[in-house]
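Got the viewer open and a selection box ready? Let's walk through this one stop at a time.

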Amino acid sequence: LFNNLLAQEDFRYAERLVETAKKYNTDLCEGNYYKAKIAYAKKDFQAAIELINSCLETRPIFSEAYLLRSQCNTGLEKEADAIADAKKAYELNPYDTFIPRNLAFVLYNRNLKLGNSATIDQINETRNALETAIRANPRDVDLQNFYAKYISNTEPERAIAVSQQIQKMQPTIENSLWLASVAMDVAGKSSAKQKDAYYAIAEDAYKDAYASGPNDLRVLNS
């Protein structure tokens, strides 16, 4: 209920729930963790961090607090701090679903900013984080598609295979178009001998998309 209220930006009712949380100390932080979540939802990242810091003084082993502080530091563009908190959250709770996803996100953003300066170790670290996030969220098709796109430069055949598997499991217009786009990207980076094979995969995917939605503007534009 609390998270739904934040998503709907119903902060007044959320704050009423925080008073209950404070009364019964349900977060073991006198309600400060929930106050921090409200501050984060309002994009008051610094206020949220101060509340989280007080939580961590009381509960130093609190993975959700480190996750939230990582997200706040991302909002403040404090990349190194965001990564450090994301790693700490994962160290404390590697079996969560959101924590591995956040770690993959902050590492990807780091590599995106570094561009060609990203080291092999940093590229591999991000790929491993994405694979871990996928294992934690096996039904998250968006995450799997993102992973396929990420490895398309270094492991094009695997990227195509992942996209084909997704499209086979969920033959939606979106997944067909995504497979086609990955195949087109890989074809553009491939040798002349391989191009035709990848273009054929893209052509089949576009045909699948057209069969599903012949009047869909996304399909027609593609």
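Before the first stop, a ground rule on rings: those of Phe, Tyr and Trp (its six-membered ring) pair when their centres lie within 6.5 Å, and planes under 30 degrees apart count as stacked, over 60 as edge-to-face and the rest as tilted. What you're looking at is a predicted model, where local features need pLDDT of at least 70, side-chain atom pairs count only at pLDDT 80 or more, and totals for chains, interfaces and linings use all residues. Residues are numbered from 1 along each chain as its sequence is written, and side-chain values use heavy atoms, with hydrogens and water left out.

**Stop 1: the rings**

Searching the whole structure turns up five aromatic pairs. Select Tyr-33 and Tyr-34 to see an edge-to-face pair, 5.6 Å centre to centre with 65 degrees between the planes. Tyr-33 is buried at 11% relative accessible area, while Tyr-34 is partly exposed at 24%. (Buried is under 20% relative accessible area, exposed over 50%, partly exposed in between, with a 1.4 Å probe and protein chains only.)

Next, pick Tyr-108 and Tyr-150: another edge-to-face pair, 6.0 Å centre to centre and 70 degrees between the planes. This pair links distant parts of the chain, with Tyr-108 in helix α7 (residues 98-114) and Tyr-150 in helix α9 (residues 141-150), 42 residues apart. Helices here are DSSP runs (H or I, at least four residues), numbered from the N terminus.

Now go back to Tyr-33 and Tyr-34 and add Phe-62, which makes one aromatic cluster. Show Arg-59 too: Arg-59 lies over the face of Phe-62, 3.8 Å from the ring centre. To count as over a ring, NZ of Lys or CZ of Arg must be within 6 Å of the ring centre and within 35 degrees of the ring normal.

**Stop 2: Lys-149**

What does Lys-149 lie over? Select Trp-178 and you'll find Lys-149 over its face, at 5.4 Å from the ring centre. Lys-149 also forms a salt bridge with Asp-185, the closest N and O atoms being 2.5 Å apart. Asp-185 lies in helix α11 and Lys-149 in helix α9, so this pair ties together parts 36 residues apart in sequence. A salt bridge means a side-chain nitrogen of Lys or Arg within 4 Å of a carboxyl oxygen of Asp or Glu.

**Stop 3: more salt bridges**

The whole structure has 15 salt bridges. Try Arg-110 and Glu-125, with closest N and O atoms 3.0 Å apart; Arg-110 sits in helix α7 and Glu-125 in helix α8, 15 residues apart. Arg-110 is buried, at 8% relative accessible area, but Glu-125 is partly exposed at 26%. Then select Arg-127, Glu-131, Glu-155 and Arg-158 together, which are linked in a network of salt bridges.

**Stop 4: the core**

Which residues touch the most other members of the largest nonpolar core? Among its 31 residues, they are Leu-103, Val-106, Leu-130, Tyr-147, Ile-160, Tyr-198 and Ile-201. Colour α11 (173-188) as well, since the largest share of this core, six residues, comes from α11. A nonpolar core is a set of buried Ala, Val, Leu, Ile, Met, Phe, Trp, Tyr and Cys residues joined through side-chain atoms within 4.5 Å.

**Last stop: Tyr-210**

Select Tyr-210 in helix α12 (residues 192-212), where Tyr-210 is partly exposed at 46%. Draw a C-alpha to C-alpha distance to Ser-176: the two are 9.2 Å apart in space and 34 residues apart in sequence.

Key:
Helix = DSSP H or I, 4+ residues; strand = E, 2+ residues; numbered from the N terminus.
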